[in-house]
Amino acid sequence: MKTTITFNRVSKTFPGGVQAVKDLSLEISEGETLVLLGTSGSGKTTTMKMVNRLIDPTSGRILIDGADVMEQDPIELRRGIGYSIQSIGLFPHMTVGDNIAVVPRLLRWSKDDIDERIDQLLAMMGLEPEEFRGRYPMQLSGGQRQRVGVARALAADPPIVLMDEPFGALDPITREQLQNEFIELESEIRKTVIFVTHDVFEAAKMGDRIALLDEGRLQQLATPAELVESPANEFVDQFLGQHRFQLSLLTSTIGSIAEAIDSTAEEPVEAGSRLSARHSLIDALDEFKKSKSLELPVYRRKQYLGLLRKRSLLAVIARSLGETGEPG
């Protein structure tokens, strides 16, 4: 199903005169992950909530595949849009399985289809269905609860998923793990995703493109690499601050250094550590450290691209370090 989201000169003014979003125009493509980035009060969460009409725009139009959201029943609209938030919002009196099944039941799916979907999503999230289906939220860790929250957002197989700081309350290790898992998952499920964060590193890692907002206005809409390499104005430049070298490594993916990948090397027979073409150079460094390997296979989804050797990766990083002018 083709799904695009268009903001056409959208503004939102709350009672009291606070203008949270000002004349916003942008288009989110089918299968794209767009990150709304900005500090507190920048309008990013308000922008996202106008898509599923948790907040209605004051002016302008929001279109999903050409249909104005304001002309749709909000309840029906929300049933076709997945929603995952930082506080997760699981129902404490319901089991994990029942939490995931909420929207499919509203849509009158059959019991067999619901049970199959629950098991499929739990397995996809790295949670053994037999072990977790009957548990209650209080019996889960924070990372497990967040996984269930994402599973619930995907339960009815919606074409659009909205994610509001979904990993923000987690410890750094669990947060990074879930970020990596979602990147892999998104490459398979190909949803149109709007992802809200205030963290520039998370934005660079998660987004196909980033919309940087300040006081309700769009400052720049660009790929992570374009944002880092070509800030549109002084605000963007200052927002990136002293993190430019780290961000350059984070916005450079394994897929972007094809010359460093040995495409002639045979695919390893033994399954083990591997890299995704979407992984950043920082992710690759971490994987080499954890695996203690000198070379790792690289894949784009299920397609084998070749071997990346640690020495080749370090040479690319050293070259990047020289280009940014960072001190040695």
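**Exercise 1. Place Ile261 in its sheet, starting from its bridge partner in β14.**

Solution. Start with the pairing: Leu308 in β14 is the bridge partner of Ile261. Keep in mind that we're working with a predicted model.

Step 1: Ile261 itself belongs to strand β11, residues 261-262. That strand runs antiparallel to β14 (residues 303-309), and two bridges join them.

Step 2: zoom out to the sheet. It is open, has four strands in the order β11-β14-β13-β12, and its pairing is mixed. β11 and β12 (275-276) are the edge strands with a single partner each, so each has one side without a neighbour in the sheet.

Step 3: check the surroundings of Ile261. Beyond four places in sequence, Ile261 touches Ile254, Val298, Leu305, Gly306, Leu307 and Leu308. Its relative accessibility is 11%, and the cut-off for buried is under 20%, so Ile261 counts as buried.

**Exercise 2. Work out whether Lys191 is buried or exposed, and what its side chain reaches.**

Solution. Step 1: find it. Lys191 sits in the loop between α8 (172-189) and β8 (192-197).

Step 2: look at accessibility. Lys191 comes out at 7%, so it counts as buried.

Step 3: follow the side chain. One polar contact goes to the side chain of Asp157, at 2.3 Å. The Lys191 side chain also reaches the backbone oxygen of Pro158, at 3.0 Å.

Step 4: fill in the rest of the pocket of contacts. Leaving out residues up to four places away in sequence, Lys191 touches Gly31, Glu32, Leu154, Asp157, Pro158, Pro159, Val161 and Glu186.

**Exercise 3. Classify the ring pair of Phe235 and Phe239.**

Solution. Step 1: locate both rings. Phe235 and Phe239 are in helix α11 (residues 234-240), four residues apart, or about one turn of the helix. An α-helix has 3.6 residues a turn, so residues three or four places apart point the same way.

Step 2: use the geometry. The ring centres of Phe235 and Phe239 are 5.9 Å apart and the planes meet at 40°, so this pair is tilted. The structure holds three aromatic pairs, and this is one of them.

Step 3: compare the accessibilities. Phe235, at 24%, is partly exposed, whereas Phe239, at 19%, counts as buried.

Bonus: which charged residues lie over the faces of Phe14 and Tyr299? Over Phe14 it's Lys12, 5.2 Å from the ring centre. Over Tyr299 it's Arg274, at 3.7 Å from the ring centre.

**Exercise 4. Describe the largest nonpolar core and say which helix gives the most to it.**

Solution. Step 1: pick out the hubs. The core has 44 residues, and Leu37, Ile100, Met163, Phe167 and Phe182 touch the most other members. Helix α7 (residues 142-154) gives the most, with five residues.

Step 2: take Ile100 as an example. Outside its neighbours within four places in sequence, Ile100 contacts Ile118, Leu121, Leu122, Val148, Ala151, Arg152 and Ala155.

Step 3: don't stop at one core. Another, of 25 residues, lies apart from it and includes Val10, Val21, Ile28 and Leu34.

**Exercise 5. Explain why helix α1 is described as largely enclosed.**

Solution. Step 1: count. α1 covers residues 44-51, and six of its eight residues are buried, so the rest of the structure largely encloses it.

Step 2: name them. The buried residues are Lys44, Thr46, Thr47, Met48, Met50 and Val51.

Step 3: look past the end. Just after α1, Arg53 has a positive phi of about 60°.

Terms used:
Residues numbered from 1 in each chain as written. Predicted model: local features only at pLDDT ≥ 70, side-chain atom pairs only at ≥ 80, totals over all residues. Heavy atoms only, no water. Buried < 20%, exposed > 50% of the residue type's maximum accessible area, 1.4 Å probe, protein only. Polar contact = N/O pair within 3.5 Å; in protein donor to acceptor, adjacent residues only side chain to side chain. Contact = heavy atoms within 4.5 Å. Core = buried A, V, L, I, M, F, W, Y, C linked by side-chain atoms within 4.5 Å. Phe/Tyr/Trp six-rings, centres within 6.5 Å; stacked < 30°, edge-to-face > 60°. Lys NZ or Arg CZ within 6 Å of the ring centre and 35° of its normal. Pairing = 2+ DSSP bridges.
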